[in-house]
Amino acid sequence: MSIEEGKISQSYELKVYHKTCSFDAAHILAGQNWQEELHGHGYTIAVTIKSKRLGADGFVVDFSVVKRELKNLCQNFHNKVLVASKSTILPVIDLEDHIRINALHNTFYELPKRVCTLLPIYNTSTEELAKYIADTIWEVLEPSIKEKGILEFGTVVSEVYCQQDGNYTMKIQD
């Protein structure tokens, strides 16, 4: 059987990660009846792109463009407190130059806005961060890679190297 006869399908996958595609940040993770204290991680991010074909240049996409966008995003998160602005468990109140996060058990955190990155997500889990990062990068890249036969586009977010990963992958429809 040959690929040319159409009996074998093929795909190519590119995984973009680099030491500049990381950041140190703090967050508060919470569930319905529990909450962790404010704490930090050394996050690492990888972008994965799967395509059914290579471009004429022999690449799935120009990885330097992906790396640049990922690096820019990571710089916006570095040394910040990541705040889930849509949280219903830890509601965020905007108080002009600072925010108040109402925590469980009648406690709260007040932080200057300059040290926070407010994200339009419900929780700062690796899974939600992975989706947010994938959606943000895809929005920038999609116009330039639309015709590249992309099958899947996703991210992997790790809080601690080799501890846990949050993955998000979107399947691209032809």
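Which residue lies over the face of Phe108? It is Arg100, at 3.6 Å from the ring centre. Keep in mind that this is a predicted model.

Let's stay with that part of the chain. Phe108 belongs to strand β9, residues 108–112. The side chains there alternate. Tyr109 and Leu111 point to one face, and they are buried. Phe108, Glu110 and Pro112 point to the other face, and they are not buried. That fits the textbook picture: in a regular strand, side chains alternate between the two faces of the sheet.

Now the partner strand. β8 covers residues 98–102 and pairs with β9. The sense is antiparallel, over five bridges. Ile99 stands opposite Leu111 in β9. Between the two strands of this hairpin sit five residues. Look at His105 in the hairpin: its phi is positive, near 60 degrees.

Next, the aromatics. How many aromatic pairs does a search of the whole structure find? Four. Take Phe23 and Phe77. Their pair is edge-to-face, with 5.2 Å centre to centre and 70 degrees between the planes. Phe23 lies in strand β2, residues 22–27, and Phe77 in helix α1, residues 63–77. So this pair ties together parts that are 54 residues apart in sequence. Phe23 is buried, at 2% relative accessible area. Phe77 is buried too, with a relative accessibility of 2%.

Phe77 also pairs with Tyr132. Here the ring centres are 6.4 Å apart and the planes stand at 35 degrees, so the pair is tilted. Tyr132 sits in helix α2, residues 126–145, so the link to Phe77 in α1 joins parts 55 residues apart in sequence. Tyr132 counts as partly exposed, because its relative accessibility is 22% and the buried class ends at 20%. Put the ring pairs together and you get a cluster: Phe23, Tyr43, Phe77 and Tyr132.

Last topic, the cysteines. How many disulfides does the structure hold? Zero. Why is Cys74 not bonded to Cys21? The Cys21 sulfur is the closest cysteine sulfur to that of Cys74, but at 5.7 Å it is too far for a bond. The cut-off for a disulfide is 2.5 Å between the sulfurs. Cys116 is in no disulfide either. Its nearest cysteine sulfur is that of Cys74, 18 Å away. Are these two residues buried or exposed? Cys74 is buried, at 3% relative accessibility. Cys116 is buried as well, at 9%.

Definitions and conventions. Residues are numbered from 1 along each chain as its sequence is written. This is a predicted model: local features need pLDDT of at least 70, side-chain atom pairs count only at pLDDT 80 or more; totals for chains, interfaces and linings use all residues. Side-chain values use heavy atoms; hydrogens and water are left out. Rings of Phe, Tyr and Trp (its six-membered ring) pair if their centres lie within 6.5 Å; planes under 30 degrees apart count as stacked, over 60 as edge-to-face and the rest as tilted. Helices (H or I, at least four residues) and strands (E, at least two) are DSSP runs, numbered from the N terminus. Buried means under 20% relative accessible area, exposed over 50%, partly exposed in between (1.4 Å probe, protein chains only). A charge sits over a ring if NZ of Lys or CZ of Arg is within 6 Å of the ring centre and within 35 degrees of the ring normal. Two strands pair if DSSP finds at least two bridges between them.
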